[in-house]
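Hi,

Here is the structure I promised to pass along. Have a look at it first, and then read my notes underneath.

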Amino acid sequence: MRRRDFLKAVGMGSAVLTVPGCAQSASRRLAKGKPNFVFILIDDLGFKDLGFMGSRYYETPNIDKLAGEGVVFTNAYSNAPNCAPTRACLMSGQYTPRHGVYTVGTPERGQSKLRKLIPTPNKTELDSKIVTIPEALKQAGYSSACIGKWHLGGKAPHRPVDQGFDVAFERRRRSHFTEDGEYLTNKLTDEAIKFIEANKGGPFFLYLSHHAVHTPIQAPEHLIEKYKKKKSTDAHNNPVYAAMIDSLDQNVGRLLAKLDKLRLKDNTVVFFFSDNGGYANATSMEPLRGSKGMLYEGGIRVPMIVRRPGVTRPGGVCDEPVIGIDFYPTMLEMAGAPMPSGKILDGVSIVPLLRGKKTLNRKAIFWHFPAYLEPYNKKQRPWRTTPAGAVRQGDFKLIEFFEDGKIELYNLKDDLGEKNNLAETMPEKAEELHRTLIEWRKSVDAPVPTDKNPDYDPAARMAEKNKI
């Protein structure tokens, strides 16, 4: 799909300037010394949940401005369709089979009688032996902070401060309002700004991991009233969710303004990313299929911006597929930091894309999700997803469902909404991608669940599927 066709398909219009190829090098270079890193991770932000990505209801002028100053990646993917594995992949630079964090909590979600297989056991903590991004950057003189959601272990030795971060700030209760009634997104930004001010001499790595826009769907009342009065012009129509995004945008603006005020903009690389697709009960991923918890595009394709003044050309758009594990090697290269001894990185640095190269010449990108996720609305019955794996190679994407070996093949260039399964009409291509997926699983020792669940009840499964 040509760039203009893609932007039209997802409703971006001309909100983002289009540039031939990926972003190209500008004449101005970064300030001397190692760059600072600000990584803004949003929880459950859908592919089209921003103005520059096509929404006509949500208002995100500050994030749109960031997009206009950096590079927008139109084919950016999280490593999993839900939060914990994506974060483990990001921090480790490794695919899920290497660290064993496949899902959130137990992989045996939902009713046992509806599960055909016994899913692969899941880890809920990131192994302390894994060298994380902040640990690798520390060797290059970086100070680091984890502000917000960690979700990779709450006790030693798995806390952020045990795994390389110098500073950590986490919420204390499941709410978007603090004990004092302050909106959490504001509070996290306050803490992030404190860290920047204290470390303005650099170099620093700020991992600002917002809890928004994850459930519970809560927002400041004045912003909710604003969107109640606004007429919806597309599939986005939830005023509370819109208010959450508005608050998030305002706080991104505050953070970027602080970088400007401290004269850190020119030597700070800003990454903006989401941990997975959006929550379908609050927002819409149209024209993508699926949502959070699925290996369809709506569950794993996410908004992504990189701004590196002096390197990224403002208004750049890059179509090359990239994935969460790519951030680790990217930051190592930008920082001039050495590869940790014995470290295996599955990702690839995207620095060449930022400098104008059109492709990474990577064979494929992969997903491995050997767990169950129960539905959160009627359309998803009986399962949001059953154990599955996927591969994207070029324009083609294949999904394999482990319960029955079902294969689905899509040409994303022609079928962004994954409506036309080509597995039967293009058997050779399906076989090629399936073979690539199997070979990759062998290379990373990925466990595929095969043991039958003795509690499985086919009749109960069918009855659940047929519920209205």
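Let me start with the cysteines. Cys83 counts as buried, at 3% relative accessibility. Its sulfur sits 12 Å from the closest cysteine sulfur, that of Cys89, which is too far for a bond. Cys146 is buried as well, with a relative accessible area of 0%. For the sulfur of Cys146 the closest cysteine sulfur belongs to Cys83, and at 12 Å that is again too far for a bond. Searching the whole structure turns up 0 disulfides.

Before going further: this is a predicted model. The average pLDDT for the chain is 93, and 93% of the residues score at least 70. Two stretches call for caution. Residues 1-6 stay under 50, and the model gives them 16 contacts beyond four places in sequence. The pLDDT is also below 50 over residues 12-32, a stretch with 66 contacts in the model beyond near neighbours in sequence.

Now the sheet. It is open, has 8 strands with mixed pairing, and runs in the order 5-4-6-1-7-8-2-9. Strand 5 (167-169) and strand 9 (316-318) are at the edges; each has a single partner strand, so one side of each has no neighbour in the sheet. On average, neighbouring strands are turned by 10° against each other, ignoring direction. At the strand 9 end, the pairing with strand 2 (residues 71-73) is parallel and covers 3 bridges. One residue pair to look up there is Val72 with its bridge partner in strand 9, Val317.

Two helices are worth viewing against those strands. Helix 2 (residues 61-69) lies across strand 2, strand 7 (268-274) and strand 8 (304-307), and runs at about 60° to strand 8. Helix 8 (residues 239-261) lies across strands 1 (36-42), 6 (204-209), 7 and 8, running at about 175° to strand 1.

What about the packing? In soluble globular proteins, nonpolar side chains tend to be buried together. Here the largest nonpolar core has 52 residues, and Leu206, Leu255 and Phe272 touch the most other members. The elements giving two or more residues to this core are strands 1, 4 (143-148), 6 and 7, along with helices 2, 6 (184-198), 7 (221-228) and 8. Helix 8 gives the most, with 10 residues. If you centre your view on Phe272, its contacts beyond four places in sequence include Ile40, Ile42, Leu45, Leu50, Ile63, Leu66, Val252 and Pro303. Apart from this core lies another one of 46 residues, including Val71, Ile133, Phe165 and Tyr328.

One last spot: is Gly299 buried or exposed? Gly299 is buried, with a relative accessible area of 0%. It belongs to helix 9 (residues 297-300). Its C-alpha atom is separated by 5.1 Å from that of Pro81, although the two residues are 218 apart along the chain. Leaving out residues up to four places away in sequence, Gly299 touches Ser78, Ala80 and Pro81, then Asn276 and Gly277, and also Arg289, Gly290, Ser291, Lys292 and Met294.

Cheers

Note on methods: Residues are numbered from 1 along each chain as its sequence is written. This is a predicted model: local features need pLDDT of at least 70, side-chain atom pairs count only at pLDDT 80 or more; totals for chains, interfaces and linings use all residues. Side-chain values use heavy atoms; hydrogens and water are left out. Two strands pair if DSSP finds at least two bridges between them. Helices (H or I, at least four residues) and strands (E, at least two) are DSSP runs, numbered from the N terminus. Axes are lines fitted to C-alpha atoms, for helices over the stretch in contact, and angles run from 0 to 180 degrees between N-to-C directions. Contact means heavy atoms within 4.5 Å. Buried means under 20% relative accessible area, exposed over 50%, partly exposed in between (1.4 Å probe, protein chains only). A nonpolar core is a set of buried Ala, Val, Leu, Ile, Met, Phe, Trp, Tyr and Cys residues joined through side-chain atoms within 4.5 Å. A disulfide is a pair of cysteine sulfur atoms within 2.5 Å. pLDDT is the predictor's confidence in each residue, from 0 to 100.
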